[in-house]
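Hi,

Here's the structure I promised to pass on. Have a look at it first, and then read on for what turned up.

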Amino acid sequence: MIEHFVRTINAFSSLSSYLTGILTHKPFIAGLPPAVSFELTNHCNLSCPECASGSGLMTREKGFMDPVLFERVVTELKPYLYYINLYFQGEPMMHPDFFSFTRPQRLVRLVVSTNGHFLAEADAEMIVRSGLFKLIVSLDGMDNYTYLHYRKGGNYERVVQGIRNVSSAIRSARSHLKLEIQFLVNRYNEYQIPRALKFANEVNATLRLKSMQVISSAEEDAWMPSNDKFRRYVMNGGGLSVKSTLPDRCLRMYLNPVITWDGMVIPCCFDKNADNIMGNLNMDSFVNIWKGEKYKSFRRSVLTGRKTIPICTNCTSGLKGVKF
């Protein structure tokens with residue numbers, strides 16, 4: 001009962017900080033984040049062209065998170081957390097100690113997002129027996145030809161079979177694990193959305209449609225769906241710009257920071273290259289970083305001039321007219 005109370009009060013404090021910031025344009029902060037994303041690794045087995053990791057555009061060093069670092073940070077934050085997301089860049093299931101991160105955390109929901117290439121029967125059964133609350137599997141096409149337009153180096157049949165393996169293991173174990181299929185809508189696969197929905201129903205999964213981000217392509221508009229409601233961008237001066245006025249506020253600054261594999265705290269999931277490091281968990285506690293001057297300065301920039309912050313130019317927060 002006390003644990004629930006502490007989490008509730010903390011979440012209320014975080015939301016109050018956000019609302020106070022909007023009203024005053026000052027980076028007031030109370031409480032700690034109710035959710036944190038951990039990057040288990042930024043290595044990936046695929047070469048997706050509009051992904052910082054897969055495209056080779058990521059400039060930071062690659063590696064694997066130390067489970068000791070993970071446990072230390074979770075111990076510090078667990079009394080306040082509702083969610084722990086075990087993904088950022090890269091493929092989390094490539095971590096050699098992946099299942100050491102999925103042990104049950106009392107009252108905290110663990111979520112993993114994967115490209116689905118590591119879900120053989122034995123792995124699927126371990127996933128279901130682990131402490132995961134939700135497994136998100138990316139499936140961006142309903143045949144091999146369409147799938148490979150974006151998931152370069154992937155194997156459509158292997159991913160589909162992996163999803164079926166997880167679904168079967170959930171059913172056999174009568175597990176409450178939630179299975180979600182994420183479908184990145186682009187010009188090559190948008191006509192397959194009904195097939196994706198049918199497949200999701202077959203495997204007792206939910207289907208989440210996600211707008212396509214573009215970070216580098218010389219043929220950027222070629223990826224954009226013909227249906228405008230799935231487009232994250234509009235054409236602007238010969239290029240693409242996000243469908244948002246980028247208002248001077250961002251809930252992510254208060255609710256869901258990211259920790260990179262090497263212990264850097266960054267403000268959100270749009271900082272793919274960790275260009276905005278708020279602190280180093282190998283040298284300081286999370287609380288000190290969260291309430292420190294560097295974080296305060298960054299929040300002030302968001303509250304007074306978000307349009308000037310490069311990582312915000314791809315942000316989905318505040319998008320209008322886009323179906324997710």
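Let's begin with the cavity lining: nine of its residues are nonpolar, two are charged and none are polar, for the largest cavity. Keep in mind that this is a predicted model.

**The cavity**

How many cavities of 30 Å³ or more are there? The count comes to one. Its volume is about 70 Å³. If you want to find the spot, look for the lining residues, which include Cys 250, Cys 268, Cys 312 and Cys 315, along with Phe 270 and Phe 298. Arg 252 and Arg 306 are in that lining too. Two helices, H8 (252-255) and H10 (293-305), each give at least two residues to the lining of this cavity.

**The pockets**

Now for the open spaces. The largest pocket holds about 1,300 Å³. Its lining runs to 46 residues, and the ones closest to the centre are Tyr 87, Gln 182, Arg 208, Lys 210 and Cys 269. Which strands give two or more residues to that lining? They are S2 (83-85), S3 (109-114), S4 (132-138), S5 (178-185) and S6 (206-211). S4 gives the most, with four residues. By class, the lining of the largest pocket has 21 nonpolar, 15 polar and 10 charged residues.

The second largest pocket comes in at about 320 Å³. It is lined by 15 residues, with Ile 215, Phe 270, Lys 272, Ile 311 and Asn 314 closest to its centre. You may recognise two of those names: Phe 270 and Ile 311 also line the largest cavity. Seven nonpolar, five polar and three charged residues make up the lining of this second pocket.

**Helix H1**

One more thing to look at, back at the start of the chain. H1 covers residues 2-24, so to speak a run of 23 residues by the DSSP assignment. From first C-alpha to last, H1 reaches 32 Å, close to the 33 Å expected at 1.5 Å a residue. Which residues of H1 are buried? They are Arg 7, Asn 10, Ser 13, Ser 14, Ser 17, Tyr 18 and Gly 21. Residues three or four places apart on an α-helix point the same way, because there are 3.6 residues a turn. Among the elements covering the buried residues of H1 are H8 and H10, the two helices that also help line the largest cavity. Right after H1 comes His 25, with a positive phi near 60 degrees.

Over to you!

Terms used. Residues are numbered from 1 along each chain as its sequence is written. This is a predicted model: local features need pLDDT of at least 70, side-chain atom pairs count only at pLDDT 80 or more; totals for chains, interfaces and linings use all residues. Side-chain values use heavy atoms; hydrogens and water are left out. On a 1 Å grid over the protein atoms alone, a cavity is a set of points where a 1.4 Å probe fits but cannot get out, and a pocket is an open set with protein on both sides within 12 Å along at least five of seven lines; lining residues have an atom within 4 Å of a point. Grid points are joined across faces, edges and corners, and a volume is the space filled by probe spheres set on the points. Ala, Val, Leu, Ile, Met, Phe, Trp, Tyr, Cys and Pro count as nonpolar, Asp, Glu, Lys and Arg as charged, and the others, Gly among them, as polar. The expected span of a helix is 1.5 Å times one less than its number of residues. Buried means under 20% relative accessible area, exposed over 50%, partly exposed in between (1.4 Å probe, protein chains only). Contact means heavy atoms within 4.5 Å.
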